[in-house]
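This explanation follows the cysteines and the metal site of one protein. Please keep the sequence and the model in view while reading.

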Amino acid sequence: MPLLTIQTIPAEVLRKVAQPVPAVDKNVAAFMEDLAETMYKGNGIGLAANQVGSLNRVISVDVSPDRNGKKAILMANPEIVWCEPDEIFVYNEGCLSVPGHYSEVKRPKRIRLTYIDQHAKTCELEAEDLLSTCIQHEIDHLNGKLFIDHISKLKRDMILRKLEKERREDQRD
Ligand code: NI
């Protein structure tokens, strides 16, 4: 399966809104598998289509400790249908598109969502803690949003400045 190229800030596709897939056909299913493969290769716990330059609403997540099992949950058109508003989970988030930077983000601890899997089956899932956070982070990507949008402007600007500096240094090498 081909590995996809991960886009990093300031790639425009990261700020675009992905569109629902009309159905999970053979092509979409193959893309879902490629997305998972790319996620494992990058050592990420989640990856969204925007991050590999696609605007299909597709994400891959795997927060299991044993990631050799390849137990990725592959989702097309994921949609949060319920969340617990009173309980919050805090996690030091990172992102393959914002390499090397981490920040604590608060999100609802429990969510319920629907999606279509790689076999075109409609599924419902209840998620909590890290899985909940990871899914919300990936769905954010589909809406053109990054984890740094959830933190203070001060911290965000600091991360963006450092990334820009690293990018200029890379270009010089
Ligand atoms: Ni991310």
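Donors are N, O and S atoms within 2.8 Å of the metal, and because water is not among the atoms, a site may look incomplete. The model under discussion is predicted.

The nickel ion offers a starting point. Its protein donors are the SG atom of Cys-95 and the NE2 atoms of His-137 and His-141, at 2.1 to 2.3 Å from the ion. Along the sequence, these donor residues follow the spacing C-x41-H-x3-H. Cys-95 and His-137 thereby link distant parts of the chain, 42 residues apart. Cys-95 belongs to the loop between strand 4 (88-93) and strand 5 (103-108), whereas His-137 lies in helix 2 (residues 129-142).

Are these two donors buried or exposed? Cys-95 has a relative accessibility of 12% and therefore counts as buried, since the cut-off is under 20%. His-137 is likewise buried, with a relative accessible area of 7%.

The cysteines raise a further matter, that of disulfides. How many disulfides does a search of the whole structure find? The search finds zero. For Cys-83, the closest cysteine sulfur is that of Cys-134, and no bond is possible because the two sulfur atoms are 17 Å apart, which is too far; a disulfide requires a pair of cysteine sulfur atoms within 2.5 Å. Cys-123 is also in no disulfide, and its nearest cysteine sulfur, that of Cys-134, is 17 Å away.

The surroundings of these cysteines can be described as well. Cys-83 counts as partly exposed, at 33% relative accessibility, while Cys-123 is buried, with a relative accessible area of 12%.

How values were computed. Residues numbered from 1 in each chain as written. Predicted model: local features only at pLDDT ≥ 70, side-chain atom pairs only at ≥ 80, totals over all residues. Heavy atoms only, no water. Buried < 20%, exposed > 50% of the residue type's maximum accessible area, 1.4 Å probe, protein only. Donors = N, O, S within 2.8 Å, 3.2 Å for Na, K, Ca; no water. Helix = DSSP H or I, 4+ residues; strand = E, 2+ residues; numbered from the N terminus.
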